Amino acid sequence: MAEHMLQLNPGHLTLGWMRRIAAGGVHLEIAPAAGPAVLAAAAAVRRVVAQGAPAYGINTGFGKLARTHIPDAQLEQLQVNLVRSHAVGTGALLDDATVRLVLALKAASLARGFSGVRPEVIEALLACYNAGVLPCVPSQGSVGASGDLAPLAHLTLALMGEGEATLHGQRLPAADALAHAGLAPLVLAAKEGLALLNGTQVSTALALRGLFETEDLYAAAVATGALAVDAARGSDAPFDPRIHEVRGLRGQIDAAAEYRQLLEGSAIRRSHLVNDDRVQDPYSLRCQPQVMGACLDLIRHVAATLMVEANAVTDNPLVFAGGEGDEVLSGGNFHAEPVALAADTLALAIAEIGALSERRIALLIDSTLSGLPPFLVREAGLNSGFMMAHVTAASLASENKSLAHPASVDSLPTSANQEDHVSMATFAARRLLDMTANTRGIVAIELLAATQGIDFHLPLRTSPALQQVHALVRARVPFYAEDRYFAPDIAAITQLLAGGELRRLAGDVLPSSA
């Protein structure tokens, strides 16, 4: 069912690979070089069990029950009980792309060789990915420390043949899904349930999904904003490189270069280079490099954090085999504060991209500012044109203001105060997809409005690059000559943006393009 093979080198996954993994259609394998470290850590766990000394999560209870010693004969049952008791998630299921990414990230993390699991565990995760057996994972129930326990418990439960999974879009008992795919349920050995449940892979996968969608939105918003400049007969002088170089911010410099490239060769711009009595454009046109460049800097910062976290070992305890002897160390890499802060930061960029876009829609429909027909329609009054479309954009921008409130500043102690500070990373990351959906709707409405504005300038044409954007819209939505059922038009352009077709116009400025 997969056409391309990706060999995962644990610790060295790239953002581009993670995009492909989430999308599916690839066959995953772990690089053979990872094998010795995995085997060494698994052997160390066996030696710890044989020695009988207390080692957290291997022969003890969990959390507040860590002082309870578990006999060797019950160690496998301990792991099974852990998974079953922790599978307490609720809410809507995680989407397929997120689950695919979680499976791959968990496999790659365990394959670093510090978790003490057998190769069979890693193989089970990748076998499910490759066969399209996707565990049903409720989206709610994690506070982001100790890792994403509840969602990862549901994922692990499906590997064991319990719970539910989807296969080719059909929701089945996990045992049936595994059987249909020719896979055997995983039987857990000492420590393996804990290694599977502990970790930040769910919050990281959700944040990565948010990052990838934000990259696409950034590119679409820059192209749409450039089109709006021409539609409103704005100036390209604010994009002069000298302005941005003296400030020195990398994102702003790069964003300004994008606007210059997109507007280069516009006949509309040439038509008002002289005898234009306007001195300055409104900020939503003029300050686009400053706002979008700041968003680009945030996107890059978040990408750097998430790439490290996606390659990290985040379960507990960790197994350090060999050397002067085996050590099992308890720490806190499962605490997802880096992911929470990254997701909260990305939320600001998503909200601002949408907020600036909404302001340009308001400008375009206001004939006193844009010079275009009121509400971008002929015979305004008889026709309402884009009046209510702007209201929709305003409502979406307002929703994002609330959603942008940081999740990481909240913490509720759990596990009888053993886990007394938590990150809330899973919600911080999960809400990003709601925010990108809102901003995508705003930018889609602006793209329709800017395209409509460009048509009013015929026979003058925009730049060659922006004519491509215009053509993508007009291939799906005709000119708005008079009032019509408008929701399908918005949906069509929203779908265009969701496909990422405008992303190629951004060149290599976005992190996952590298």
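Where does P317 lie? P317 sits in the loop between α14 (288-310) and β8 (318-320). This report starts from that proline and moves on to the helices and charged pairs around the fold. Please keep in mind as you read that this is a predicted model.

## Two cis peptide bonds

The bond that leads from N316 into P317 is a cis peptide bond, with omega near -5°. A cis peptide bond also joins L458 and P459, where omega is about 10°. P459 belongs to the loop between α18 and α19 (464-474).

## Positive phi without glycine

Two residues deserve a look at their backbone angles. E379 is not a glycine, yet its phi is positive, at about 55°. You will find E379 in the loop between α16 (367-370) and α17 (387-403). M424 is not a glycine either, and its phi is positive at about 60°. The loop between α17 and α18 holds M424.

Is each of these residues buried or exposed? E379 is exposed, because its relative accessible area is 59%. M424, in contrast, counts as buried, because its relative accessibility is 13%.

## Two helix pairs

Two packed helices are described by the angle between their axes and the distance between the axes. Here are those values for two pairs in the model.

| Helix pair | Crossing angle | Axis distance |
|---|---|---|
| α18 (residues 425-455) and α20 (residues 487-498) | roughly 115° | within 8 Å |
| α11 (residues 250-263) and α14 | about 125° | 7 Å |

Take α18 and α20 to begin with. Their axes cross at roughly 115°, which means that α18 is roughly perpendicular to α20. The crossing in which α18 passes α20 is right-handed. On the α18 side, the contact is made by R440, G441, V443, A444, I445, L447 and L448. These meet D489, I490, I493, T494, L496, L497 and A498 of α20. Sorted by class, the contact of α18 with α20 has ten nonpolar residues, two polar ones and two charged ones.

Now for α11 and α14, the helix that comes before the loop of P317. These two pack at an angle of about 125°, which means that α11 is oblique to α14. Their crossing is right-handed. From α11, the residues in contact are R250, G251, Q252, D254, A255, A256 and Y259. Their partners in α14 are Q288, P289, Q290, M292, G293, L296, D297 and R300. By class, the contact of α11 with α14 has six nonpolar, five polar and four charged residues.

## Salt bridges

Side chains of opposite charge can pair when their charged atoms come close. How many salt bridges does the structure hold? There are 23 of them, and a few are worth following in detail.

One of these pairs is E215 with R503, whose side chains meet at 3.3 Å from N to O. E215 lies in helix α9 (residues 201-231) while R503 lies in the segment after α20, so this salt bridge ties together parts that are 288 residues apart in sequence. E215 counts as buried because its relative accessibility is 0%. R503 is buried too, because its relative accessible area is 16%.

R503 also forms a salt bridge with D216, and here the closest N and O atoms are 3.2 Å apart. D216 lies in helix α9 and R503 in the segment after α20, so this pair ties together parts that are 287 residues apart in sequence. Both D216 and R503 are buried.

A further salt bridge brings together the side chains of R278 and D276, at 2.8 Å from N to O. What is the relative accessible area of R278? The value for R278 is 30%, so this residue is partly exposed. D276 is partly exposed as well, because its relative accessible area is 25%.

Finally, salt bridges that share partners join R19, E215, D216 and R503 into one network. If you have the structure open, R503 is a handy residue to select here, as it pairs with E215 and with D216.

Conventions
Residues are numbered from 1 along each chain as its sequence is written. This is a predicted model: local features need pLDDT of at least 70, side-chain atom pairs count only at pLDDT 80 or more; totals for chains, interfaces and linings use all residues. Side-chain values use heavy atoms; hydrogens and water are left out. Axes are lines fitted to C-alpha atoms, for helices over the stretch in contact, and angles run from 0 to 180 degrees between N-to-C directions. Helices (H or I, at least four residues) and strands (E, at least two) are DSSP runs, numbered from the N terminus. Angles under 35 degrees count as roughly parallel, over 145 as roughly antiparallel, 65 to 115 as roughly perpendicular and the rest as oblique. A crossing is left-handed if the near helix is turned anticlockwise from the far one by less than a right angle, and right-handed if clockwise. Contact means heavy atoms within 4.5 Å. Ala, Val, Leu, Ile, Met, Phe, Trp, Tyr, Cys and Pro count as nonpolar, Asp, Glu, Lys and Arg as charged, and the others, Gly among them, as polar. A salt bridge is a side-chain nitrogen of Lys or Arg within 4 Å of a carboxyl oxygen of Asp or Glu. Buried means under 20% relative accessible area, exposed over 50%, partly exposed in between (1.4 Å probe, protein chains only).
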